[in-house]
Amino acid sequence: MLRKILLVVGIILLFIIIFLAAIFFTLPTDSIRHLAEKNIEKALNYEQGIEIEDISISPLLNITAKNFQMTPRVHEEIANTLVTPAKEYNGYYCASSVDVGEQTVKIDEIFVNPSIFKIIRKKPEGKFELKIQDGTIKGQIRSIDKHVELTTTGESIDLDTFTLLSNFTKAQIFGNLEFELRTVIDTNVSKKG
């Protein structure tokens, strides 16, 4: 009798494993990629064009997006105050203008490991990692009572190739960025606002 019960349980477990594997091997990742691009563009008020070359979802529901690009759609004219004659000043070469309005932000890989059971209970939680050229940004989101805590660290980020900061400041920025950030967001305030 015990052997029959173990056989039935084994068959059920095998069926569940095969069923889950079939779902993930036949998952329409192109449709998911397109949906993600459109939702991110909508969240950014269509000011940025989003392109993701490849997206994959593991059976553990980890998401990996490769070659993520964010291109500004609004192109501003170069202000007259930024136009100078192209020559050397104090031993440094200055270009005739600074053009930072159309730089594309490129991220080699984005890995997201969400805590599905916490998200279902409307308490966002998980880990993420962004690979940018030779640098990385790692972080974690945790729900604590009615607050969301975001902790992030950045290592070896070349600001010349990671143009997000240049796009926001409207200035060409060079250098290497390393940082640690901890932010606590009150979810009640964000829902009202």
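Which helix holds the place of I12? I12 sits in helix α1, which spans residues 2–25. The model you are looking at is predicted, so please read each point below as a description of that model. Beyond the helix, there is an open sheet of seven strands, and a second helix, α2, lies across β1 and β2.

**Helix α1 and its nonpolar patch**

- I12 has a relative accessible area of 46%, and it counts as partly exposed because that value falls between the 20% and 50% cut-offs.
- I12 also belongs to a nonpolar surface patch of about 1,100 Å².
- Joining I12 in this patch are M1, I5, V8, V9, L13, F15, I16, F19, L20 and I23.

**The open sheet**

- If you trace the sheet across its strands, the order is β1-β2-β5-β6-β7-β8-β9, with antiparallel pairing.
- The edges are formed by β1 (48–57) and β9 (176–186), each of which pairs on one side only.
- From one strand to the next, the twist averages 15°.
- Within the sheet, strand β5 (residues 105–114) and strand β6 (residues 126–132) run antiparallel and are joined by six bridges.
- A handy place to look in this pairing is I110, which stands opposite L130 in β6.

**Helix α2 against the sheet**

- Helix α2 covers residues 29–43, and E37 has its place there.
- The helix lies across β1 and β2 (63–72), and it runs at about 145° to β1.
- E37 has a relative accessibility of 9%, and it counts as buried because this is under 20%.
- Setting aside neighbours within four places in sequence, E37 is in contact with I50, E51 and I52.
- The edge strand β1 spans 48–57, so a good view to open is E37 together with its contacts I50, E51 and I52.

**L181 on edge strand β9**

- L181 has its place in strand β9, one of the two edge strands of the sheet.
- With a relative accessible area of 41%, L181 is partly exposed.
- Not counting residues up to four places away in sequence, L181 touches L150, T151 and T152.
- L181 and G139 are 42 residues apart in sequence, while their C-alpha atoms are 9.0 Å apart in space.

Key
Residues are numbered from 1 along each chain as its sequence is written. This is a predicted model: local features need pLDDT of at least 70, side-chain atom pairs count only at pLDDT 80 or more; totals for chains, interfaces and linings use all residues. Side-chain values use heavy atoms; hydrogens and water are left out. Helices (H or I, at least four residues) and strands (E, at least two) are DSSP runs, numbered from the N terminus. Buried means under 20% relative accessible area, exposed over 50%, partly exposed in between (1.4 Å probe, protein chains only). Contact means heavy atoms within 4.5 Å. Two strands pair if DSSP finds at least two bridges between them. Axes are lines fitted to C-alpha atoms, for helices over the stretch in contact, and angles run from 0 to 180 degrees between N-to-C directions. Patches are made of residues with over 30% relative accessible area and no salt bridge: like charges are joined within 9 Å, nonpolar side chains (Val, Leu, Ile, Met, Phe, Trp, Tyr) within 5 Å. Accessible areas come from the Shrake-Rupley method with a 1.4 Å probe; for residues, only the protein chains shown count as cover. A salt bridge is a side-chain nitrogen of Lys or Arg within 4 Å of a carboxyl oxygen of Asp or Glu.
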